[in-house]
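Reader: I'm more at home with gels than with models. Could you walk me through how to read a few features here?

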Amino acid sequence: LAQRYKYRGNNNPPLAALKAEAAKRKMTLGDLEDISVPTCGLDARKRRRFSYGPRTFMLEVDAQMRLSVVAEDDGTRLPRLPKAWKGDDAELVQVAQADFARLKRDIEAMLPVQARRLEGALSTGRAWTLSGWTKNVRRHPLMQIIARRLIWTLYKDGQRVKSFRIDEQDELVDAKDDPCGLTLTEGHVRLAHPAEMSVDAV
């Protein structure tokens, strides 16, 4: 809410509440926002299964943030859950379609908000701890969709080590898509600013 809606002047009740909660937990506002992003029931591969009884469908979110449904019996890809067939469990169908509609609405509303939040992190030069970044960005089923579209930089002792991106296999690769060989065991991660990168990398 703090980012989705505009408030006059400095009056932003949701943001004020977030700051108060962050202070209470002795966390930064950014860290609190990170752990507050829901997974919407998606697994690590950005999927969620819906059951019609004899038929099941898998919701998937692709790298372009588009949602689709795959029928698990024959692999047919659909833009949404289909209508019920004879033999389907009517109660399960009703629950699945309601859950899908709510999930689709929530994901489509959430992704642009989180993208803007990361844009803000770039402008402020926010740094993530390696554990926080790995858990709440790289491995989060929704945040990873956005994170894979961006360039990141590892810093150690305040010095830039290497810039990288996350590929679809969750590997850290360089501008040529070659493995970076980075072991994220110490240091901090930031979004790479274009001013820090070579022309070829940008």
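Author: Sure, and keep in mind that this is a predicted model. Let's start with C40, which is buried, with a relative accessible area of 15%. The cut-off is what decides that label: buried means under 20%. C40 sits in the loop between α2 and β1.

Reader: What is the phi of C40 near, and is that value positive or negative?

Author: The general idea comes first: most residues other than glycine have a negative phi. In this model, C40 has a positive phi, near 60 degrees, although the residue is not glycine.

Reader: Where does K26 lie, and is K26 buried or exposed?

Author: K26 belongs to the loop between α1 (13–25) and α2 (29–35). With a relative accessibility of 79%, K26 counts as exposed, whereas C40 is buried. K26 also has a positive phi, about 60 degrees, without being a glycine, and K26 comes just after α1.

Reader: How do I check the span of a helix like α1?

Author: Some background on helices: an α-helix has 3.6 residues a turn, so residues three or four places apart point the same way. For the span, take 1.5 Å a residue and compare end to end. α1 has 13 residues, and from its first C-alpha to its last it reaches 18 Å, close to the expected 18 Å.

Reader: On to sheets. What is the order of the strands in the open sheet of four?

Author: In general, strands of a sheet pair through backbone hydrogen bonds, either parallel or antiparallel. Here the order is β1-β2-β3-β4, and the pairing is antiparallel. β1 (47–51) and β4 (77–78) are the edge strands, each with a single partner, so one side of each has no neighbour in the sheet.

Reader: How many bridges join β1 to β2?

Author: Five bridges do, and β2 covers residues 56–61. You can trace individual partners: S51 is opposite T56, and R48 has L59 as its bridge partner. The two strands make a hairpin with four residues between them. Look in that turn for G53, which has a positive phi of about 100 degrees.

Reader: Which helix lies across this sheet, and which strands does it cross?

Author: That's α3 (residues 90–124), lying across β1, β2 and β3 (67–71). The angle between α3 and β1 is about 155 degrees.

Reader: What about P38: where is it, and which residues far along the chain does P38 touch?

Author: P38 is in the loop between α2 and β1. At 39% relative accessibility, P38 counts as partly exposed. Setting aside neighbours within four places in sequence, P38 contacts M110, H140 and L142. Take H140: it is 102 residues from P38 along the chain, yet their C-alpha atoms are 8.9 Å apart.

Reader: Last one: which side chains make polar contacts with the side chain of S163?

Author: Two to look up: T153, at 2.8 Å, and R160, at 2.9 Å. S163 lies in strand β7 (residues 159–166). As a rule, side chains in a regular strand alternate between the two faces of the sheet. S163 counts as buried, at 13% relative accessibility. Leaving out neighbours within four places in sequence, S163 is in contact with I151, W152, T153, C180 and A192. So T153 turns up both in that contact list and as a polar partner of S163.

Note on methods: Residues numbered from 1 in each chain as written. Predicted model: local features only at pLDDT ≥ 70, side-chain atom pairs only at ≥ 80, totals over all residues. Heavy atoms only, no water. Pairing = 2+ DSSP bridges. Contact = heavy atoms within 4.5 Å. Axes fitted to C-alpha atoms, helices over the stretch in contact; angles between N-to-C directions. Buried < 20%, exposed > 50% of the residue type's maximum accessible area, 1.4 Å probe, protein only. Expected span 1.5 Å × (residues − 1). Polar contact = N/O pair within 3.5 Å; in protein donor to acceptor, adjacent residues only side chain to side chain.
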